[in-house]
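Trainee: I would like to learn how to read a fold and a ligand site from coordinates. Could we go through one case together, step by step?

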Amino acid sequence: MKKPRIFIDGQAGTTGLQIHQLLANDGDIDIVSIDESDRKKEHVRRQLLNEVDVAILCLPDDAAKDAVSWIKNDSVRVLDASSAHRVASGWVYGFPEMHPEQASRIAQGRRVSNPGCYATGVIALLNPLIQRGLLAPDTPITVNAISGYSGGGKAMIASYETPSNMMPVFRPYGLNFQHKHLGEMQQHSGLSRPPLFIPAVGTFRQGMLVQIPLPLWASRVATTPYDLHKKLSEHYENSATVCVAPLIEGTAADSANINPERFNNTNMLEISVFGDTASEQAVLMACFDNLGKGASGAAIQNLRLMLGSS
Ligand SMILES: NC(=O)C1=CN([C@@H]2O[C@H](COP(=O)(O)OP(=O)(O)OC[C@H]3O[C@@H](n4cnc5c(N)ncnc54)[C@H](OP(=O)(O)O)[C@@H]3O)[C@@H](O)[C@H]2O)C=CC1
Ligand SMILES: CC(=O)N[C@@H](CCC(=O)OP(=O)(O)O)C(=O)O
């Protein structure tokens, strides 16, 4: 059988390079390469984009939109790692765990959008709880998150890895309330409004922690930390990529395992639920690799679904 041909447009960038490395030893896939001197030449990219089975776009948003508009061959399928099409109609959202039908939608999709890193954590935590009625769609949600600096691509990596640059160990940002992941967080979690999202970047290269504090006493739906944990555990029971740690409750709560770098170089996402029944408070946490389940790992998972090889 003919091997599927894949072109990674943006293969020299952080995400593209990692996808390339993860696929390099896969003998069932033919990765079409582009010369370093040609990788930004429109006519070369146009031609490759129209002659492969799947084009994986690892480009800035505007370049990804251009690339999609150049594809005239209807048999070419697209997996876009940028944020250009994550809430666009006609695109399948590449988060297989969010719905029992989602993996088969991705498998059949002609246009699949890979989720944003922070959005991956938020949707993993909230989607099952909102879909299953444990949180109301209009619950006021705050998200605190920290990412390794590789989340900012080549430019941010260079600035953090230049020794003469004194970068703050922890830098909150997104404080214009316009972060590019808000739309996908809202739509794919099922919230009626975007969350209040406070991301931060730290002086570590890779890894991510997403936290959602929940004052349950203010919730319109009567919910306990135990209920939240049970629903999340049921939802991800058969998942190979998302796991739920045992409920962490009360005065003995121990956060020794919480470390944004813990799942680096894997496609795993671990959910933790901390709760106190007496004070009716809980915190949901998602820990994963921003370059793994937050980017390249998820892209490989989606590609395999699209190729029917997962
Ligand atoms: N880093 C992350 O954690 C994640 C990133 N993403 C998304 O993936 C996409 C790529 O991000 P990332 O890999 O971090 O970014 P990088 O800046 O590391 O890489 C982007 C690559 O695209 C190339 N490029 C830019 N414009 C063009 C163009 N017009 N034609 C061809 N190539 C072009 C760049 O070239 P050059 O090398 O010359 O600069 C670079 O190699 C972005 O949309 C980002 O939002 C998604 C999930 C996570
Ligand atoms: C630290 C940092 O700057 N992170 C990036 C998000 C990286 C990411 O995964 O988002 P995309 O998939 O949408 O590119 C940011 O906040 O814009």
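Trainee: How many helices and strands does the protein chain have?

Mentor: Keep in mind that this is a predicted model. The protein chain has nine helices and 14 strands. Its radius of gyration is 20 Å, close to the 19 Å that the globule rule gives for 310 residues, so the chain is as compact as a globular protein of that length. The C-alpha trace spans about 65 × 50 × 35 Å along its principal axes, and buried residues make up 45% of the 310 residues.

Trainee: In which sense does strand 7 pair with strand 9, and in which sense with strand 10?

Mentor: A general idea helps when reading strands: in a regular strand the side chains alternate between the two faces of the sheet. In this structure, strand 7, residues 142-147, pairs with strand 9 in the parallel sense over six bridges, and Thr142 stands opposite Leu196 of strand 9. With strand 10, residues 208-215, strand 7 pairs in the antiparallel sense over four bridges, where Leu209 of strand 10 is the bridge partner of Ile146.

Trainee: Which residues are the closest to ligand 2, and which domains supply its shell?

Mentor: Of the 14 residues that surround ligand 2, the closest are Ser83, Gly116, Cys117, Gly151 and Gly152. Domain 1 (5-115 + 294-307) and domain 2 (117-290) each contribute at least three residues to the shell, while strand 9 (196-202) and helix 9 (292-307) each supply at least two.

Trainee: What is the make-up of the shell around ligand 2 by class?

Mentor: The shell has five nonpolar, eight polar and one charged residues.

Note on methods:
Residues are numbered from 1 along each chain as its sequence is written. Chains are lettered from A and ligands numbered from 1 in the order in which they are written. This is a predicted model: local features need pLDDT of at least 70, side-chain atom pairs count only at pLDDT 80 or more; totals for chains, interfaces and linings use all residues. A residue is near a molecule or strand if its C-beta atom, placed from the backbone, lies within 6 Å of it. Ala, Val, Leu, Ile, Met, Phe, Trp, Tyr, Cys and Pro count as nonpolar, Asp, Glu, Lys and Arg as charged, and the others, Gly among them, as polar. Domain bounds come from an automatic or database domain assignment. The radius of gyration is taken over C-alpha atoms; the globule rule is 2.2 Å times the number of residues to the power 0.38. A residue is buried if 20 or more other C-beta atoms lie within 10 Å of its own, exposed if 12 or fewer, and partly exposed in between; C-beta atoms are placed from the backbone. Two strands pair if DSSP finds at least two bridges between them.
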